[in-house]
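The exercises that follow are meant to be worked with the sequence and the structure side by side. Try each task before reading its solution.

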Amino acid sequence: MAIDEQVDLLKRDVLGWTRWRNVYGKREYIDLSGANLTEAILSNADLHKADLIGANLSGAKLINANLTGAKLSDADLSGANLIDANLTGANLTGANLTGAKASKKTQWPTADFDFAARGVTIGYY
């Protein structure tokens, strides 16, 4: 289950979250599993290697977010804005990406990612 202090800081202040990650977060386990981040504004957030298993990120704004190596299995990313996000090495097994927006610059876990099956809208944003 998610660590409440981490969820609260991320929802309240993305810039503060990034500063915290740079100082303390590199050595701490980032547990946001099962967190309710519905419609959260997480643009430019550093979420690399974060545990987001089963998290609700529906409608979240993840523009230019760093999600490299993140655990996003069974997460709800429906309607999320992933424009220019970096998901290299992320685990999206079972994730719901219905209606998610991405751009040509969005970086995905594998070259054979099936956008149509995932319901991802790719556009020039």
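**Exercise 1.** Decide whether Lys49 is buried or exposed, and state which sign its phi has.

*Solution.* In this predicted model, begin with the accessibility: Lys49 has a relative accessibility of 63%, and because the cut-off for an exposed residue is over 50%, Lys49 counts as exposed. Next, place the residue, which lies in the loop between H2 and E1. Finally, read the backbone: phi of Lys49 is near 60°, a positive value in a residue that is not glycine. Most residues other than glycine have a negative phi.

**Exercise 2.** Carry out the analysis for Asn44, asking what its phi is and how its accessibility is classed.

*Solution.* Asn44 is found in the loop between H2 and E1, and its phi is near 70°, again positive in a residue other than glycine. With a relative accessible area of 49%, Asn44 is classed as partly exposed.

**Exercise 3.** Find which residues form the salt bridge, and explain what the pair ties together.

*Solution.* The count comes to one salt bridge, and its partners are the side chains of Asp46 and Arg21, with an N to O distance of 4.0 Å. Asp46 belongs to the loop between H2 and E1 whereas Arg21 belongs to helix H2, so the pair ties together parts that are 25 residues apart in sequence. As a last step, check the surroundings: both Asp46 and Arg21 are buried.

**Exercise 4.** Determine whether Ser33 is buried or exposed, and which side chain it contacts.

*Solution.* Ser33 sits in the loop between helix H2 (14-25) and strand E1 (101-103). Its relative accessibility is 11%, so Ser33 counts as buried. The side chain of Ser33 then makes a polar contact, at 2.6 Å, with the side chain of Asp31.

**Exercise 5.** Explain why the buried residues of H1 can be said to line one face of the helix.

*Solution.* First list the buried residues of H1 (residues 4-12), namely Gln6, Val7, Leu9 and Leu10. Viewed down the axis of H1, these buried residues fall within an arc of 165°, so they line one face of the helix. Then turn to the other side of H1, where Asp4, Glu5 and Arg12 are exposed.

**Exercise 6.** Which helix has the lowest confidence, and where is confidence highest?

*Solution.* Start from the whole protein, which averages a pLDDT of 86, with 84% of the residues scoring at least 70. Confidence is lowest in helix H3 (residues 115-118), at a mean of 54, and highest in H1, at 91. Where pLDDT is low, the predicted coordinates should not be read in detail.

Note on methods. Residues are numbered from 1 along each chain as its sequence is written. This is a predicted model: local features need pLDDT of at least 70, side-chain atom pairs count only at pLDDT 80 or more; totals for chains, interfaces and linings use all residues. Side-chain values use heavy atoms; hydrogens and water are left out. Buried means under 20% relative accessible area, exposed over 50%, partly exposed in between (1.4 Å probe, protein chains only). Helices (H or I, at least four residues) and strands (E, at least two) are DSSP runs, numbered from the N terminus. The arc is that of the directions from the helix axis to the C-beta atoms. A polar contact is a pair of N or O atoms within 3.5 Å; within protein, one must be able to donate a hydrogen and the other to accept it, and residues adjacent in sequence count only if both atoms are side-chain atoms. pLDDT is the predictor's confidence in each residue, from 0 to 100.
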